Amino acid sequence: MRERETLIAAAKQARENAHAPYSNFRVGAALRARSGRIYTGANVENATYGLTICAERVAIFKAISEGERGFDALAVVAHSEVLTPPCGACRQLIWEFCGDVEVILANLEGKTAAHRMTELLPHPFDSSFL
Ligand code: THU
C-alpha cells in the first residue's frame, strides 16, 4: 500500500507540469519500473489538438527511451470526481510495454481505485499475432 501511495504522490507532482491550456484538464502519471525507478509524465497539449500526448504515454516514452524495460505499476491522477482511466490509445501502449500491470487511478480528494490491464484492455492486439 505504501508503494501505491508513493506512486500516486509522484503522479500528483507530475500533474503540476501539465501543459493543458486548451482542455484545462491536467493529468499526471507515474510508472514504476521493476528496477525500482519511477518515471513520471504529464499531458502536453498542442494548438493543433491532435498532437496532444497523454500523461501516461509521456511517462512510458521517457522510461523506454532511457533504456528501462519491465514495469509493475502505473498511477494516473486527475482532478475529476469519477476517476480518470487511460484512453484507448494509452491502453494499447501500456499493454505493449507493461503487460498486465496494475493501473492505479486517483483524484485530488484521495479517492483511489486499482485495475489490471487485462480488465482495461480485454482481447488486445499485440506482437503475439505477428
Ligand atoms: N488525458 C491524459 O493525459 N490522460 C488520460 O488518461 C485522459 C486524458 C489528457 C489528454 C488531454 O490533454 C486532456 O487530458 C483532455 O483529454
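The following exercises, each with a worked solution, concern a predicted model of a protein with a bound ligand.

**Exercise 1. The ligand shell**

Determine which residues come nearest to the ligand and which polar atoms lie close to its oxygen atoms.

Solution.

Step 1. The ligand is surrounded by 13 residues, of which N43, E45, A55, E56 and P85 come nearest.

Step 2. Sorted by character, the shell contains 7 nonpolar, 4 polar and 2 charged residues.

Step 3. For E45, a polar side-chain atom is found 2.5 Å from an oxygen atom of the ligand. A polar side-chain atom of E56 likewise lies 2.5 Å from a ligand oxygen atom. In the case of A55, a polar backbone atom is 2.9 Å from an oxygen atom of the ligand.

Step 4. On its own, the ligand has 370 Å² of accessible area, and the protein covers 80% of this area.

**Exercise 2. The environment of helix α2**

Establish how many residues of helix α2 are buried, and identify the elements against which the buried residues pack.

Solution.

Step 1. Helix α2 spans residues 55-65, and 8 of its 11 residues are buried.

Step 2. The buried residues are A55, E56, R57, V58, A59, I60, A63 and I64. Among them, A55 and E56 also belong to the residues that come nearest to the ligand.

Step 3. The packing partners of these buried residues are the strands β1 (27-33), β2 (38-42) and β3 (71-78), together with helix α3 (88-98).

Step 4. Just after α2, G67 adopts a positive phi of about 90°.

**Exercise 3. Aromatic pairs**

State how many aromatic pairs the structure holds, and classify the geometry and exposure of their members.

Solution.

Step 1. The structure holds 2 aromatic pairs.

Step 2. In the pair of Y22 and Y49, the distance is 5.7 Å centre to centre and the angle between the planes is 45°, a tilted arrangement. This pair links distant parts of the chain: Y22 is in the loop between α1 (2-15) and β1, Y49 is in the loop between β2 and α2, and the two are 27 residues apart.

Step 3. Y22 has a relative accessibility of 41% and therefore counts as partly exposed. Y49 has a relative accessible area of 59%, so this residue is exposed.

Step 4. The second pair is formed by F125 and F129, whose ring centres are 5.2 Å apart; the planes stand at 20°, so this pair is stacked.

Step 5. F125, with a relative accessible area of 48%, is partly exposed, whereas F129, at 51% relative accessibility, counts as exposed.

**Exercise 4. Three residues and their contacts**

For R32, T84 and Q92, decide whether each is buried, partly exposed or exposed, and list the contacts beyond four places in sequence.

Solution.

Step 1. R32 is placed in strand β1. Its relative accessibility is 14%, so R32 counts as buried, the limit being under 20%. Beyond four places in sequence, R32 touches E3, L7, R37, I38, F71, D72 and A73.

Step 2. T84 occupies the loop between β3 and α3. With a relative accessibility of 14%, T84 counts as buried. The side chains of T84 and S80 make a polar contact at 2.8 Å. Outside a range of four places in sequence, T84 touches F25, V76, A78 and L105.

Step 3. Q92 belongs to helix α3. Its relative accessibility of 29% makes Q92 partly exposed, because this class lies between the 20% and 50% limits. Apart from neighbours within four places in sequence, Q92 is in contact with L121 and F125. F125 is a member of the stacked pair in Exercise 3.

Step 4. A further separation concerns Q92 and V77: these residues are 15 residues apart in sequence, and their C-alpha atoms are 19 Å apart in space.

**Exercise 5. Positive phi outside glycine**

Examine the phi of N24 and Y49, and locate both residues.

Solution.

Step 1. As a reference, most residues other than glycine have a negative phi.

Step 2. N24 is not a glycine, yet has a positive phi of about 60°. This residue lies in the loop between α1 and β1, and at 61% relative accessibility N24 counts as exposed.

Step 3. Y49, also not a glycine, has a positive phi of about 60°. Its location is the loop between β2 and α2.

Notes
Residues numbered from 1 in each chain as written. Predicted model: local features only at pLDDT ≥ 70, side-chain atom pairs only at ≥ 80, totals over all residues. Heavy atoms only, no water. Near = heavy atom within 4 Å. Polar contact = N/O pair within 3.5 Å; in protein donor to acceptor, adjacent residues only side chain to side chain. Areas by Shrake-Rupley, 256 points an atom, 1.4 Å probe, with all protein chains shown as cover. Nonpolar A, V, L, I, M, F, W, Y, C, P; charged D, E, K, R; others polar. Buried < 20%, exposed > 50% of the residue type's maximum accessible area, 1.4 Å probe, protein only. Helix = DSSP H or I, 4+ residues; strand = E, 2+ residues; numbered from the N terminus. Contact = heavy atoms within 4.5 Å. Phe/Tyr/Trp six-rings, centres within 6.5 Å; stacked < 30°, edge-to-face > 60°.
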